[in-house]
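Subject: Structure handover

Hello,

Here is the structure I promised to pass on. Please open it beside this message and follow along.

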Amino acid sequence: MSAPLFFSTFEVTRQAFHRTTLAFAIVNLKPIVPGHVLVCPTRPAARLADLRADELGELMCAVQRVGGVVERAYGADGLTVACQDGRAAGQTVPHVHFHILPRRLRDDRFAGARSDDVYPALERQEGVLPQDLASASFSSAKPDASAWTPEPLKMDADAARTPRSHEDMEREAVWLAKFFVDDA
């Protein structure tokens, strides 16, 4: 059995769908769009400059691989990849992480002239992330991963988004993990 994974001080093992020695990917508690995931180094370093070269290299390889899987799994035309590095940049959880959001040319809340609106939405989401993670409760029930299907790529990014259940996140993680097995 693998060691538990932590996003800062929050245990996220059941949300993980990809793991290497030095990096992991998790589904998001409050995704801005379906398929919005996070890629993190295994060691909880607060800033990019705090990572060793081997950690940074493996993290970026994971960002690339996870991005490709998310783009394919969600039928996207592209990706938004973002990292808020430091408090002044909007980072609220002291653990380096990259946001990966699948994007479409059509039927995307942030399509066309609104494409840059994704960044204020990310900043709003990041601002409440510590409270959302702390208030999320875990259940010991194991969800049926075969019952999960991806949502279409259209979701409102306003503050009224509610955190997903851990069961929903685990179903998505199990579904996404299958894409990595198919890649092997």
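Which residues of E6 make up its covered face, and which its uncovered one? Gly78, Thr80 and Ala82 are on the covered face. Leu79 and Val81 are on the uncovered face. Keep that strand in view, as we will come back to it. One caution before the rest: this is a predicted model.

**The chain as a whole**

The chain has 184 residues, and 47% of them count as buried. Its secondary structure consists of three helices and seven strands. From start to end, the pattern reads β-β-β-β-β-α-β-β-α-α. The accessible surface is about 9,000 Å². Carbon and sulfur atoms account for 55% of that surface. Now take the contacts between residues at least 6 apart in sequence: 69% of them join residues at least 24 apart.

**The sheet**

Five strands make an open sheet. Their order is E3-E4-E5-E7-E6, and the pairing is antiparallel. E3 (16-19) and E6 stand at the edges. Each has a single partner strand, so one side of each has no neighbour in the sheet. From one strand to the next, the twist averages 20 degrees. As general background, strands of a sheet pair through backbone hydrogen bonds, either parallel or antiparallel.

Now walk across it. E3 and E4 are antiparallel and joined by three bridges. In this pair, His18 stands opposite Ala25 of E4. E5 and E7 also run antiparallel, again with three bridges. E6 (residues 78-82) pairs with E7 over five bridges, in the antiparallel sense. Gly78 has Arg103 of E7 as its bridge partner.

His99 is a good place to pause. Leu38 stands opposite His99 in E7. Ala82 stands opposite His99 too.

**Strand E7**

Why is E7 described as largely enclosed by the rest of the structure? The strand covers residues 98-103, and six of its six residues are buried, so the description follows. Both faces are covered. Phe98, Ile100 and Pro102 are buried on one side. His99, Leu101 and Arg103 are buried on the other. Set this beside E6, which has a covered face and an uncovered one.

**Ala25**

Ala25 lies in strand E4. Is this residue buried or exposed? Ala25 is buried, with a relative accessible area of 0%. Leaving out residues up to four places away in sequence, Ala25 touches Gln15, Ala16, Phe17, His18, Leu38, Val39 and Val66. Val66 is worth a look. Ala25 and Val66 are 41 residues apart along the chain, yet 7.3 Å separates their C-alpha atoms.

**Helix H1**

Val66 is also one of the buried residues of H1. The others are Glu55, Leu59, Ala62, Val63, Gly67, Val69, Val70 and Ala73. H1 spans residues 53-73, which is 21 residues. From its first C-alpha to its last, H1 reaches 30 Å. That is close to the 30 Å expected at 1.5 Å a residue. Gly75 follows H1 and has a positive phi, near 60 degrees.

**Two loop residues**

Where does Asn28 sit? Asn28 is in the loop between strand E4 (23-27) and strand E5 (37-41). Despite the loop setting, Asn28 is buried, with a relative accessible area of 2%. The side chain of Asn28 makes a polar contact of 3.1 Å with the side chain of His36.

Ser8 is the other one. Ser8 lies in the loop between strand E1 (6-7) and strand E2 (10-11). Its phi is positive, about 60 degrees, although Ser8 is not a glycine. Ser8 has a relative accessible area of 15%, and buried means under 20%, so Ser8 counts as buried.

**Where to start**

I would begin with E7, where six of six residues are buried. Then step out to E6 at the edge of the sheet. After that, go to Ala25 in E4 and cross from there to Val66, which Ala25 touches.

Best wishes

Note on methods. Residues are numbered from 1 along each chain as its sequence is written. This is a predicted model: local features need pLDDT of at least 70, side-chain atom pairs count only at pLDDT 80 or more; totals for chains, interfaces and linings use all residues. Side-chain values use heavy atoms; hydrogens and water are left out. Helices (H or I, at least four residues) and strands (E, at least two) are DSSP runs, numbered from the N terminus. Buried means under 20% relative accessible area, exposed over 50%, partly exposed in between (1.4 Å probe, protein chains only). A polar contact is a pair of N or O atoms within 3.5 Å; within protein, one must be able to donate a hydrogen and the other to accept it, and residues adjacent in sequence count only if both atoms are side-chain atoms. Contact means heavy atoms within 4.5 Å. Accessible areas come from the Shrake-Rupley method with a 1.4 Å probe; for residues, only the protein chains shown count as cover. The expected span of a helix is 1.5 Å times one less than its number of residues. Two strands pair if DSSP finds at least two bridges between them. Axes are lines fitted to C-alpha atoms, for helices over the stretch in contact, and angles run from 0 to 180 degrees between N-to-C directions.
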